[in-house]
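Please look at the structure below and follow the text slowly, beginning with the ligand and the residues around it and then moving on to one of the helices.

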Amino acid sequence: MTKEKIIRDIYETLEDRKNNPINSYTSNIMKDSKKLAEDKILEKIGEETAEVIIASKNNENLVHESADLIFHTLLLLAYKGISLDELLDEFKRRHEL
Ligand SMILES: N=c1c2ncn([C@@H]3O[C@H](COP(=O)(O)OP(=O)(O)OP(=O)(O)O)[C@@H](O)[C@H]3O)c2ncn1[C@@H]1O[C@H](COP(=O)(O)O)[C@@H](O)[C@H]1O
């Protein structure tokens, strides 16, 4: 797995965990009732955001905490049925301005 492909591969795994649930962290969150699943993911994003702020201020674990935040943001997008291309297109559009 090349580094360039890793986000797409993780995203495909998240979409698969949603569509073909197994007993795993991401499947179990997304299997909850619609409202609860979204709330749980949003709660994680809130926690991870706070952890990124603390990590940055303390100059400690910033990469680890950033990965957690980005991962849970990707989980939210996958859960909401948004394709990775939609996100990448948004970044591309801004970069080309
Ligand atoms: N990248 C991740 C990933 N990052 C974090 N987590 C999980 O998110 C959960 C909550 O994270 P926390 O930060 O709260 O964990 P914590 O250890 O309490 O807190 P920290 O102090 O470590 O920040 C933990 O159970 C982590 O294992 C992840 N779980 C899954 N993935 C990816 O998602 C794919 C599907 O995962 P599964 O559903 O487990 O198959 C995997 O193949 C991975 O690529």
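A polar contact is a pair of N or O atoms within 3.5 Å; within protein, one of the two must be able to donate a hydrogen and the other to accept it, and residues adjacent in sequence count only if both atoms are side-chain atoms. This is a predicted model, in which local features need pLDDT of at least 70 and side-chain atom pairs count only at pLDDT 80 or more, while totals for chains, interfaces and linings use all residues. Residues are numbered from 1 along each chain as its sequence is written, and side-chain values use heavy atoms, with hydrogens and water left out.

An oxygen atom of the ligand lies 2.4 Å from a polar side-chain atom of Thr26, and for Lys44 the distance from an N or O atom of the side chain to a ligand oxygen is 2.4 Å. In the case of His64, a side-chain N or O atom is 3.1 Å from an oxygen atom of the ligand.

Around the ligand there are 15 residues (each with a heavy atom within 4 Å of it), and the closest are Arg17, Ser24, Thr26, Lys44 and Glu48. Helices here are DSSP runs of H or I with at least four residues, numbered from the N terminus, and H4 gives the largest share of this shell, 5 residues.

How does the length of H4 compare with what is expected, and why? The expected span is 1.5 Å times one less than the number of residues, so the 18 residues of H4 should span 26 Å, which agrees with the 25 Å between its end C-alpha atoms. Just after H4, Gly81 has a positive phi of about 80°.

Key: Helices (H or I, at least four residues) and strands (E, at least two) are DSSP runs, numbered from the N terminus.
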